[in-house]
Amino acid sequence: MAEGQRDRQESGVPEGIIPEEVVARTEWRWLMIMIGALVLLMAIIVATGIAGALHPPSNVETIDPTTLHLRGEFVESSLGSAVEPNGSVTTRLIAQQYSFVPNCVRVPLNTPVKFRLTSADVIHGFLLPDTNVNAMVVPGFVTEVRTSFTKPGIYTMPCHEFCGAGHQGMWAHVIVVPKDQFPKLTPLERTSCAR
Ligand code: CUA
């Protein structure tokens, strides 16, 4: 510590004692390094959050789980897939012990699909393998997930949140049909997969 020795000689402090200015300078440097590290880490969090569009997995939208079947968007006639004026599709389902209602829905290929789910009782899960869809369905809240299917076929949609004794038997199907075929389906075919 050549600097420390010089300071000691200049200030006439005895051997073994570090002058006050040296201690203050060192503390100040470490404080600046730590503030710098803090600012850098905060900047990384903000930058990656904005660049990666990270956000909470679901929107916060509340609903009364006791009146789902009586009024609002989750009455029986509104469940299943509906085409919006802009051509996108909104699919509504209710999760309950131990099934999804409806237990099968059809959606068109290469079309924006908005899934809206809510629970009538306990917390359930909503997963579509090979897609970005993976969310919890919490009673009192509406879970909204947007996706688009690029491969036709039958997708299995299991409940992946332990919800009781019948959990392992709780799943639904999503059938992805060609885009030109979808408008020809009757409402019953869209919502229940009935032929
Ligand atoms: Cu519903 Cu597990």
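This presentation describes the strands, the unusual backbone positions and the nonpolar cores of one structure.

Good morning, colleagues. Please keep in mind throughout that the model is predicted.

I begin with strand β2, residues 89-96. Seven of its eight residues are buried, so β2 is largely enclosed by the rest of the structure. Which strands pair with β2? Strand β1, residues 80-83, pairs with β2 in the antiparallel sense, over four bridges. Within that pairing, S81 stands opposite T91. The hairpin of β1 and β2 has five residues between the strands, and in this hairpin G87 takes a positive phi near 95 degrees.

β2 also pairs with strand β5, residues 112-119, this time in the parallel sense and over seven bridges. There, I94 of β2 has T118 of β5 as its bridge partner. A further pairing is with strand β3, residues 99-101, which runs antiparallel to β2 and is joined to it by three bridges. I94 appears here again, standing opposite V101 in β3. The hairpin that joins β2 to β3 does so through two residues.

That hairpin leads to the next topic, the backbone. As general background, most residues other than glycine have a negative phi, and most peptide bonds are trans. Where does this model depart from that pattern? Q97 and Y98 are joined by a cis peptide bond, with omega about -5 degrees. Y98 belongs to the loop between β2 and β3. Another cis bond runs from V101 to P102, and its omega is near -5 degrees. P102 is placed in the loop between β3 and β4.

Positive phi angles occur as well. N110 has a positive phi of about 50 degrees, although it is not a glycine. This residue sits in the loop between β4 and β5 and is partly exposed, with a relative accessible area of 43%. D130, likewise not a glycine, has a positive phi of about 70 degrees. D130 lies in the loop between β6, residues 124-127, and β7, residues 134-137. Its relative accessibility is 73%, so D130 counts as exposed.

From D130 I turn to Y155, a residue of strand β9. The two are 25 residues apart in sequence, and their C-alpha atoms are 8.9 Å apart in space. Is Y155 buried or exposed? Its relative accessibility is 12%, and since buried means under 20%, Y155 counts as buried. Leaving aside its neighbours within four places in sequence, Y155 is in contact with L128, P129, T131, F149, A172, H173, V174 and V176. In addition, the side chain of Y155 reaches the backbone oxygen of K151 at 2.8 Å.

The strand that holds Y155 is part of an open sheet. That sheet has three strands in the order β4-β10-β9, with mixed pairing. Why is one side of β4 and of β9 left without a neighbour in the sheet? β4, residues 104-108, and β9, residues 153-158, stand at the edges and have a single partner strand each, so each has one side without a neighbour there. On average, and with direction ignored, neighbouring strands of this sheet are turned by 25 degrees against each other. β4 pairs with β10, residues 171-177, in the parallel sense over five bridges. Across that pairing, V107 has V176 in β10 as its bridge partner.

Finally, I come to the interior. In soluble globular proteins, nonpolar side chains tend to be buried together. In this model, the largest nonpolar core has 31 residues, and those touching the most other members are F100, F115, F126, L128, F149, M157 and V174. Which elements give two or more residues to this core? They are β2, β4, β5, β7, β9 and β10. β10 gives the most, with five residues.

M157 offers a detailed view of its surroundings. Not counting residues up to four places away in sequence, M157 touches L93, F100, L117, F126, L127, L128, W171, A172 and V174. There is also a second, separate core of five residues, which includes L68, L79, I94 and V142. I94 is the residue described earlier opposite V101 in β3.

To close, I would recall two points. β2 is largely enclosed, with seven of its eight residues buried. The open sheet runs in the order β4-β10-β9, and β10 gives five residues to the largest core. Thank you for your attention.

Notes: Residues numbered from 1 in each chain as written. Predicted model: local features only at pLDDT ≥ 70, side-chain atom pairs only at ≥ 80, totals over all residues. Heavy atoms only, no water. Pairing = 2+ DSSP bridges. Axes fitted to C-alpha atoms, helices over the stretch in contact; angles between N-to-C directions. Buried < 20%, exposed > 50% of the residue type's maximum accessible area, 1.4 Å probe, protein only. Contact = heavy atoms within 4.5 Å. Polar contact = N/O pair within 3.5 Å; in protein donor to acceptor, adjacent residues only side chain to side chain. Core = buried A, V, L, I, M, F, W, Y, C linked by side-chain atoms within 4.5 Å.
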